[in-house]
Structures are given as C-alpha cells and as structure tokens.
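Student: Could you take me closely through the salt bridges of this structure, explaining where the partners sit and how open their surroundings are?

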Amino acid sequence: MTVLKALVAMKDGLYKMDVIEHDNMFWLVPLWIDTPRKGWSKPARIVCLSLIPHQQMQGSDAQFLVQYPVPKSVFDGAIPPEIATQYVVIDLPDLEFETHASGPVH
C-alpha cells in the first residue's frame with residue numbers, strides 16, 4: 001500500500017501527516033506503532049480524511065491539504081462529545097505496512 005502525505009492545520013501549527021487508502025477512502029494516520037513482526041508497522045488510529053473538507057495538491061511534498069483546523073483531540077483519541085459526530089476514527093485498525101528505517105514504505 002502507498003503512504004501519501006497531507007498538510008493538516010491544528011491550533012498550534014501546520015503538520016505533515018501520513019495518509020493511507022482503506023475501504024476506498026483516504027484516512028489520516030497520526031501515529032504508527034511497530035507490530036510484533038519485524039519490519040512491519042500499523043496505524044495506532046486512523047481518521048477519515050474523505051469526510052473532512054480538503055483539497056488535493058499538485059507539485060508538493062503533500063498530496064492533500066485539510067482546509068480547516070482539526071482539533072488535536074481527534075488525533076489523540078479523546079474526541080469531545082460535542083464534535084464526535086463530525087469525525088470517523090478507528091483505533092488500532094487491522095492494517096499493516098512494511099517499514100524501513102524511517103517509517104512506513106512510501
């Protein structure tokens with residue numbers, strides 16, 4: 001699977017975040033964890049990018065730009081109830097990616 005990049009604004013700045021395609025939608029990956037299998041990592045959590053206003057970018061290190069700031073709590077897994085319906089988050093999805101020294105293979 002290919003790992004893409006998105007620029008995501010949060011309250012304290014602009015971040016580059018990994019993006020994967022899963023179930024025909026794009027998902028932000030804020031954190032990767034190593035799996036018991038050497039050379040493989042999996043997302044700790046995925047956030048559905050397809051449901052967040054964004055645009056595709058050309059000629060940049062990132063392929064996507066999220067158009068509005070996303071609360072950091074969405075990526076930390078502690079979404080306040082008042083905004084929980086705005087985001088689709090899956091913790092520990094059953095997905096694995098082959099890695100190399102600097103992270104998931106791009």
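Tutor: Before we start, a helix here is a DSSP run of H or I with at least four residues, and helices are numbered from the N terminus. The model is a predicted one, and a search of the whole structure finds four salt bridges, including the three described here.

Let us begin within a helix, where Asp76 forms a salt bridge with Lys72, their closest N and O atoms being 3.1 Å apart. Because these residues are four apart in helix α1 (residues 72-76), about one helical turn separates Asp76 from Lys72. Asp76 counts as partly exposed at 44% relative accessibility, and Lys72 is likewise partly exposed, with a relative accessible area of 46%.

Turning to the strands, the side chains of Lys5 and Asp18 meet in a salt bridge at 2.4 Å, N to O. Lys5 belongs to strand β1 (residues 4-10) and Asp18 to strand β2 (residues 13-22), so this pair ties together parts that are 13 residues apart in sequence. Asp18 is buried, its relative accessible area being 8%, which falls under the 20% cut-off for that word.

The remaining pair for this walk is Arg45 and Asp91, which form a salt bridge with 2.7 Å between the closest N and O atoms. Distant parts of the chain are linked by this pair, since Arg45 lies in strand β4 (residues 40-48) and Asp91 in strand β7 (residues 89-91), 46 residues apart. Arg45 counts as buried at 15% relative accessibility, whereas Asp91 is partly exposed, with a relative accessible area of 46%.

Technical notes
Residues are numbered from 1 along each chain as its sequence is written. This is a predicted model: local features need pLDDT of at least 70, side-chain atom pairs count only at pLDDT 80 or more; totals for chains, interfaces and linings use all residues. Side-chain values use heavy atoms; hydrogens and water are left out. Helices (H or I, at least four residues) and strands (E, at least two) are DSSP runs, numbered from the N terminus. Buried means under 20% relative accessible area, exposed over 50%, partly exposed in between (1.4 Å probe, protein chains only).
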